[in-house]
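Welcome! Please take a moment to look over the sequence and the 3D structure before reading on.

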Amino acid sequence: MSIQTVCALLTLVAILALSAVVLRVRILAQEGHDYAPVQGNAYRIRAIGFWILVLVGLPISIWLFRENPYTVQATAPQVINATGYQWYWDLDRSEVAAGAPVEFRVTSADVNHGFGIYDPTGELVAQTQAMPGYINRLTHVFETPGNYQVLCLEYCGLVHHAMITEIVVTEGTTNG
Amino acid sequence: MADATYTQGRVATADRGRLWVVLYLATTGLVLLLMMLAGLWMRLAQSGWLYTDPALFYELMTVHGTGMVGIAALGGAAVLWHFLSAYVRLNAWVMGANFALFLIGVVAILVAEFIGGFGGGWTFLYPLPAISQDVWPAWAAAMHMGGLLVIGVGFLIWCLELARAIIATYGGLGRGLGWHVLFRGSTQNVPPPTVVAATMVTIVTTLALIAGAAVLVMSLVNLAFPAVEINPLLAKNLIYFFGHTFINATIYMGVAVVYELLPRITGRPWKTSKVFLAAWTLSTTMVLIIFPHHLMMDFAMPIWAMVIGQIFSYVNSFPVLIVTGLGALAILHRSGIRWDMVSTLLLTSVFGWMAGVIPAVIDATVVVNSVMHNTLWVPGHFHFYLLLGLLPMIFAFMIYLARDEDVTPRGGDLMAILYLAFGLTFVTMFLVGGWASVPRRWAEHLPEWQIWDQIAVIMASGVITLATIFVAMFLVRMPAMLRAR
Ligand code: HEM
Ligand SMILES: [Cu+2]
Ligand SMILES: [Cu+2]
């Protein structure tokens, strides 16, 4: 399952759960009751919620950070130097091999652009910003061969939506 | 746990800026409807149902973003001013001054966009305003950013007036946040929830506006003297610190209507407990430091900033979810009320705020951000909490004023429910777009994405119809409201 699908399902479940609570409040609001017991319950729920958020959520959040693109460094990667221009991508190479790391060195010659890599099914698999004056190094391993598209993911003016180029990922290993 | 208690005392508010509050709301309503139509147009363009020149699309996008952020602040300011007036002495001329500057700024921005053709986005990300390949002239960029600066100065004066009044009444901003209660256990001069919220809002908005003004001035200088360059990463940090904080603060302004009206509707007090104060102090700091979650795809940022962006974005959801959200639900639970338009809108707003936090927190996780950043997931999350969190607060406040500040249940709430239904489906289509990897801010969409856009068009039409009804309910009562001053 893609990260996108996991996130969408997570969001769906969380919002449905919240909806159930809100709906219950909505329906039961009509019957009057003393506030004190309701409030006592709410304090209990708050305490439980707080400890779940801290004891379960926080470790997960911290644990998830180890999966970050900043510290990834591949030895002898295939290198693609990519520069964004209004409104096209300039790649010094557009064919790489699957299964071995590719390092994209991404920058821009004018305004900010976004370097978004889409797999052949149209799913976004990795991205980094293309900022003038900076080179962002994005390491990615293409698992399956095919034609990948690079779409611009930072608004850069009139032709932002047509700033697309292609990377061909081939079977097997080539030299980096 | 809770010891210091404030029980809602005063009811009808002696609001000395009343005329201005009404004018703010009228402007908010009218601009809101226009901006919604601009939004509908964008959705129509993306759906393939209405051909739109990309230059026009990006002008509409810039106007919609800027205008919506502007009226979110204007409407939020009206709510907060009105309720804060019950506790501190505010000078009404400040509302007038801010209003005048706002209108000047709006005119400048409209000229820049529709005559000058400016389409640099509401985030005016350096150096795009100056480098457009001659799609728009430098004067249009200068006019847009100058207009923003004027509006920013207006809100800065407004914030400083709030700060002055809070300091005059409570003896300091720390006391406005209730630190004497929180840290020293005092039970004297406990700030009511609205004052606590107002203190948070003035602190964070003032800082946001200073950063915003700084980067605007730098960008204007760069426009005039292109040789004077700005570090683009610095500019981006300043812009997102400003933008993130400013738009976030609007809902913390609007929440005053929840704090003030729910106790009156249900007859149950909203306590200023220590937990409540701790939550607001936490929000104050978190809102200021989590903006790096907008820069996670800038690998040149220091890693510690990314850690803050991820971990604290998550922690920042606690106060909303388990203090304000849960608190509102508890006040309503088994309260014996009869639902009407105002109370249902308030319930909607609590739901919209809490639910809107969820996709935001998820996207503020670096692994997720790598494949969700700048997709439609992002407009999905912020339309969620603005359309279904902030706007229902503002609509509830409008109707409350139109009903002469009487909260006795009146009439049905079908329209509030329909608004929620249309709104929820509308924002879901953005989220689905994000799930399907659709980039945000694209004038043209691929055919396989357009089914979601088309559903969104229909839902947006429903949202706009209902918003028009809410705004009309306010506008028709405006003459009477002004006479009754
Ligand atoms: C009927 C209601 C609305 C519709 C149809 C609508 C539609 C849209 C669309 C189509 C976009 C561009 C999405 C993209 O990136 O492709 C957008 C962006 C945006 N909207 Fe809305 N919107 C509505 C309500 C609101 C409200 C109530 C607010 C705030 C109070 C708001 C604030 C924004 C902002 C800040 C942006 C970002 C602009 C940018 O990316 O530069 N919108 N909206
Ligand atoms: Cu680009
Ligand atoms: Cu672009």
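This report walks through the sites around three bound ligands, as they appear in a predicted model.

## The copper ion called ligand 2

Let us begin in chain A. The copper ion (ligand 2) has the protein donors A:H113 (ND1), A:C152 (SG), A:C156 (SG) and A:M163 (SD), at 1.9 to 2.4 Å. Along the chain, these donors are spaced as H-x38-C-x3-C-x6-M. A:H113 belongs to strand β5 (residues 113-118) of chain A and A:C152 to strand β8 (residues 146-152) of chain A, so this pair ties together parts that lie 39 residues apart in sequence.

What is the arrangement of the four donor atoms around ligand 2? It is tetrahedral, because the donor atoms subtend angles of 98 to 130 degrees, and four donors count as tetrahedral if all angles lie between 85 and 135 degrees. For reference, the ideal angle for four tetrahedral donors is 109.5 degrees.

## Its partner, ligand 3

A second copper ion (ligand 3) sits 2.6 Å from the copper ion (ligand 2), and A:C152 coordinates both. The protein donors of ligand 3 are A:C152 (SG), A:E154 (O), A:C156 (SG) and A:H160 (ND1), which lie 2.0 to 2.3 Å from the ion. Their spacing along the chain reads C-x1-E-x1-C-x3-H. Here, too, the arrangement is tetrahedral, since the four donor atoms subtend angles of 90 to 122 degrees.

## Buried or exposed?

How do some of these donor residues sit in the protein? Residues count as buried under 20% relative accessible area. A:H113 has a value of 0%, so this residue is buried. A:C152 is also at 0% and therefore buried. Two donors of ligand 3 can be added: A:E154 is buried at 2%, and A:H160 is buried at 0%.

## Around ligand 1

Now for chain B. There are 25 residues around ligand 1, and those that come nearest are B:Q46, B:H64, B:H383, B:R440 and B:R441. Three side chains place polar atoms by oxygen atoms of the ligand: an N or O atom of B:Q46 is 2.8 Å away, one of B:R440 is 2.9 Å away, and a polar atom of B:R441 is 2.6 Å away.

Which elements give two or more residues to this shell? They are α1 (18-47), α2 (54-84), α15 (377-402), α16 (414-435) and α17 (450-476) of chain B. The most comes from α1(B), which gives six residues. By residue type, the shell is made up of 17 nonpolar, five polar and three charged residues.

Conventions. Residues are numbered from 1 along each chain as its sequence is written. Chains are lettered from A and ligands numbered from 1 in the order in which they are written. This is a predicted model: local features need pLDDT of at least 70, side-chain atom pairs count only at pLDDT 80 or more; totals for chains, interfaces and linings use all residues. Side-chain values use heavy atoms; hydrogens and water are left out. Donors are N, O and S atoms within 2.8 Å of the metal (3.2 Å for Na, K and Ca); water is not among the atoms, so sites may look incomplete. Four donors count as tetrahedral if all angles lie between 85 and 135 degrees; four count as square planar and six as octahedral if opposite donors are over 155 degrees apart and all others between 65 and 115; anything else is irregular. Helices (H or I, at least four residues) and strands (E, at least two) are DSSP runs, numbered from the N terminus. Buried means under 20% relative accessible area, exposed over 50%, partly exposed in between (1.4 Å probe, protein chains only). A residue is near a molecule or strand if one of its heavy atoms lies within 4 Å of it. A polar contact is a pair of N or O atoms within 3.5 Å; within protein, one must be able to donate a hydrogen and the other to accept it, and residues adjacent in sequence count only if both atoms are side-chain atoms. Ala, Val, Leu, Ile, Met, Phe, Trp, Tyr, Cys and Pro count as nonpolar, Asp, Glu, Lys and Arg as charged, and the others, Gly among them, as polar.
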